[in-house]
Amino acid sequence: MKSLVVITGASSGFGKAMAKEFHDAGHPLLLLARHVEKLEALGFSDTICQKVDVTDQDTFQKAIRQAEEVYGKTDLLINNAGVMLLGNLEIQDPKEWQQMLDINVMGVMNGMQIVMEDMKKRQHGTIVNFSSLAGVKPFVNHAAYCASKYAVSGLSEVARMELSANDVRVIRILPGAVNTNLLSHTTSNTIKDDYNAWLKETGVGRITPEDVAKTVHFVYDMPQAVNIREIQIADTKQDA
Ligand code: NDP
């Protein structure tokens, strides 16, 4: 059997597409999300589904250790879980900033810390972190989301440097706009309407979660000696 792949936020969007991609390639999976029923509905063989909020490191760690007892050590952790609550800094509820920082940043760091020590010891393993184009460039009404994704870009590169001598890869994926449930988290209807109008006007949105999943599979399948450190992937029509 191939090695264990752990995917956070596998109940929707990119996570769900990556679950299918790696399942079809024969990897045993640990799928994590808060809505465990959506994970179970996928009906995959050799797959453990657990209700885990990535901000809770204890349950996150227990889920990984239990899956490792069944399928062996985690060879690929994909820190994909995230939320996007767009808002204008001047008026946005600080609770929304906190939620994004907790899930998008702390969730990623929690996951990395759980698998890192063992990957170092084994001198093998890959961590894929989901940042965003909003993790390298600014977008209007994205202040707190950008803050969270710039953080993921920065911490991933530091971790890459720290783990490189142990042959452990840290890879960051920076997608542009892709049609998933991500925008639905935003509470401002005006911002959502503006975003949808931009998608319509530009024609951006043809790229699919499956395209992103294939890309992650490709970078993972490269030899361990090859680290594609960062991938920016967006609809060809996206100019920003
Ligand atoms: P979706 O909203 O479709 O999926 C988000 C996933 O994250 C869901 O499975 C959700 O599951 C999970 N999730 C959210 N909060 C938590 C939590 N606290 N604990 C565990 N799981 C959680 O969005 P996408 O697939 O689009 O987003 C995936 C990643 O890609 C995110 O990090 C996002 O920021 C990033 N991204 C997306 C872009 C896009 O345009 N779609 C562009 C750039 C980056 P549940 O609710 O069941 O917990």
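**A tour of the ligand site and the cavity**

Start with the ligand and Asn181: a polar backbone atom of Asn181 is 3.2 Å from an oxygen atom of the ligand. The protein covers 96% of the 880 Å² of accessible area that the ligand has on its own. Keep in mind that this is a predicted model.

Next, select Ser11. An N or O atom in the Ser11 side chain sits 2.7 Å from a ligand oxygen atom. Then move to Gly82. Here the backbone supplies the contact: one of its N or O atoms lies 3.5 Å from an oxygen atom of the ligand.

Now show the whole shell. It counts 30 residues around the ligand. Pick out the closest ones: Ser11, Ser12, His35, Tyr145 and Thr180. What classes make up the shell around the ligand? The residues divide into 14 nonpolar, 13 polar and three charged. Color helices α1 (13-24) and α5 (143-164); each supplies at least two residues of this shell.

Leave the ligand and turn to the cavity. The structure holds one cavity of 30 Å³ or more. Its volume is about 30 Å³. Select the lining: Thr8, Val54, Asn79, Asn80, Ala81, Ile103, Gly107 and Val108. Which helix gives the most to this lining? Select α4 (residues 94-122), which contributes three residues.

Finish by coloring the cavity lining by class. Four residues are nonpolar and four are polar. No charged residue lines this cavity, whereas the ligand shell has three charged residues.

Terms used
Residues are numbered from 1 along each chain as its sequence is written. This is a predicted model: local features need pLDDT of at least 70, side-chain atom pairs count only at pLDDT 80 or more; totals for chains, interfaces and linings use all residues. Side-chain values use heavy atoms; hydrogens and water are left out. On a 1 Å grid over the protein atoms alone, a cavity is a set of points where a 1.4 Å probe fits but cannot get out, and a pocket is an open set with protein on both sides within 12 Å along at least five of seven lines; lining residues have an atom within 4 Å of a point. Grid points are joined across faces, edges and corners, and a volume is the space filled by probe spheres set on the points. Helices (H or I, at least four residues) and strands (E, at least two) are DSSP runs, numbered from the N terminus. Ala, Val, Leu, Ile, Met, Phe, Trp, Tyr, Cys and Pro count as nonpolar, Asp, Glu, Lys and Arg as charged, and the others, Gly among them, as polar. A residue is near a molecule or strand if one of its heavy atoms lies within 4 Å of it. A polar contact is a pair of N or O atoms within 3.5 Å; within protein, one must be able to donate a hydrogen and the other to accept it, and residues adjacent in sequence count only if both atoms are side-chain atoms. Accessible areas come from the Shrake-Rupley method with a 1.4 Å probe; for residues, only the protein chains shown count as cover.
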